[in-house]
Amino acid sequence: MKRSYLGEFEEIVLLTVAVMEGQAYGVALTHEIIEQTGRSVRLNQIHAALQRLEDKGMVKSEMGEPTAERGGRRKRLFTVTAYGRRTLQEIQDVRVNLWTRMPDPFNPAISL
């Protein structure tokens with residue numbers, strides 16, 4: 001399968017779905033991303049990114065059980081597919097490689 005490239009926000013959403021291990025749904029993802037990044041994020045942005053990731057085959061979704069906290073409504077739960085995990089690993093590999101090749105990034109004597 002040909003690798004799809006992700007924008008920064010899609011990458012954050014995909015990584016957050018992976019971190020939440022089966023407990024990832026729209027509202028929970030929104031809160032977690034806000035908490036971890038400090039970004040202002042709206043639920044519709046999360047849903048749009050999840051749809052794009054599902055279209056690319058990087059996440060899959062299923063309906064969870066009804067919950068009392070949602071008035072008996074069900075949550076759509078997202079999980080990362082094997083393809084999504086491979087993509088995250090490739091992204092991490094590229095970034096680690098570039099960071100390790102950069103001259104001491106925290107030495108103020110070296111100007112970038």
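Arg95 is partly exposed in this predicted model, its relative accessible area being 45%. Its salt-bridge partner is Glu11, and the closest N and O atoms of the two side chains lie 3.0 Å apart. Because Glu11 belongs to helix 1 and Arg95 to helix 4, this pair ties together parts of the chain that are 84 residues apart in sequence. Glu11, in contrast to its partner, is buried, with a relative accessible area of 13%.

**Salt bridges**

In total, the structure contains four salt bridges. Two further examples involve Glu10. One is formed with Arg52, where the N to O distance is 2.7 Å. Arg52 sits in helix 3 (residues 43-55) and Glu10 in helix 1, so distant parts of the chain, 42 residues apart, are linked by this pair. The other is formed with Lys56, and here the closest N and O atoms are 3.0 Å apart. This second pair also links distant parts of the chain: Glu10 is in helix 1, while Lys56 occupies the loop between helix 3 and strand 1 (59-66), 46 residues away.

How exposed or buried are the residues of these two pairs? Glu10 counts as buried, at 7% relative accessibility. Arg52 is partly exposed, with a relative accessible area of 37%, and Lys56 counts as partly exposed at 25%. Because buried means under 20% relative accessible area, the value of 7% places Glu10 in the buried class. Salt bridges that share partners join Glu10, Arg52 and Lys56 into one network.

The three pairs described here are set out below.

| Salt bridge | Closest N to O distance | Separation in sequence |
|---|---|---|
| Arg52 and Glu10 | 2.7 Å | 42 residues |
| Glu10 and Lys56 | 3.0 Å | 46 residues |
| Glu11 and Arg95 | 3.0 Å | 84 residues |

**Packing of helix 1**

Helix 1 (residues 8-20) packs against helix 4 (residues 82-101) at an angle of about 120 degrees, and the two axes are 11 Å apart. The crossing of helix 1 and helix 4 is left-handed. From helix 1, the contact is made by Glu11, Leu14, Leu15 and Ala18; from helix 4, the contributing residues are Gly84, Arg85, Leu88, Ile91 and Arg95. Classified by residue type, this contact has five nonpolar, one polar and three charged residues. The salt-bridge partners Glu11 and Arg95 are among the residues of this contact.

Helix 1 also meets helix 2 (residues 26-37). The axes of these two helices come within 10 Å and cross at roughly 110 degrees. Angles of 65 to 115 degrees count as roughly perpendicular, and helix 1 and helix 2 are therefore roughly perpendicular to each other. On the helix 1 side, Ile12, Val13, Thr16, Val17 and Met20 take part; they meet Ala28, Leu29, Glu32, Ile33 and Thr37 of helix 2. The residues of this contact divide into seven nonpolar, two polar and one charged.

**Selected residues in helix 2 and strand 1**

Thr30 is found in helix 2. Its relative accessible area is 9%, and Thr30 is buried. Not counting residues up to four places away in sequence, Thr30 touches Val41, Leu43 and Ile46.

Ser61 lies in strand 1. When neighbours within four places in sequence are left aside, Ser61 is in contact with Glu54, Arg76, Leu77 and Phe78. The C-alpha atoms of Ser61 and Thr79 are separated by 6.4 Å, although these residues are 18 apart along the chain.

**The chain as a whole**

The protein chain has four helices and two strands. Their order along the sequence follows the pattern α-α-α-β-β-α. Of the 112 residues in the chain, 33% count as buried; Glu10, Glu11 and Thr30 are buried residues already described. Among contacts between residues at least 6 apart in sequence, 53% join residues at least 24 apart.

Technical notes: Residues are numbered from 1 along each chain as its sequence is written. This is a predicted model: local features need pLDDT of at least 70, side-chain atom pairs count only at pLDDT 80 or more; totals for chains, interfaces and linings use all residues. Side-chain values use heavy atoms; hydrogens and water are left out. Axes are lines fitted to C-alpha atoms, for helices over the stretch in contact, and angles run from 0 to 180 degrees between N-to-C directions. A crossing is left-handed if the near helix is turned anticlockwise from the far one by less than a right angle, and right-handed if clockwise. Contact means heavy atoms within 4.5 Å. Ala, Val, Leu, Ile, Met, Phe, Trp, Tyr, Cys and Pro count as nonpolar, Asp, Glu, Lys and Arg as charged, and the others, Gly among them, as polar. Buried means under 20% relative accessible area, exposed over 50%, partly exposed in between (1.4 Å probe, protein chains only). Angles under 35 degrees count as roughly parallel, over 145 as roughly antiparallel, 65 to 115 as roughly perpendicular and the rest as oblique.
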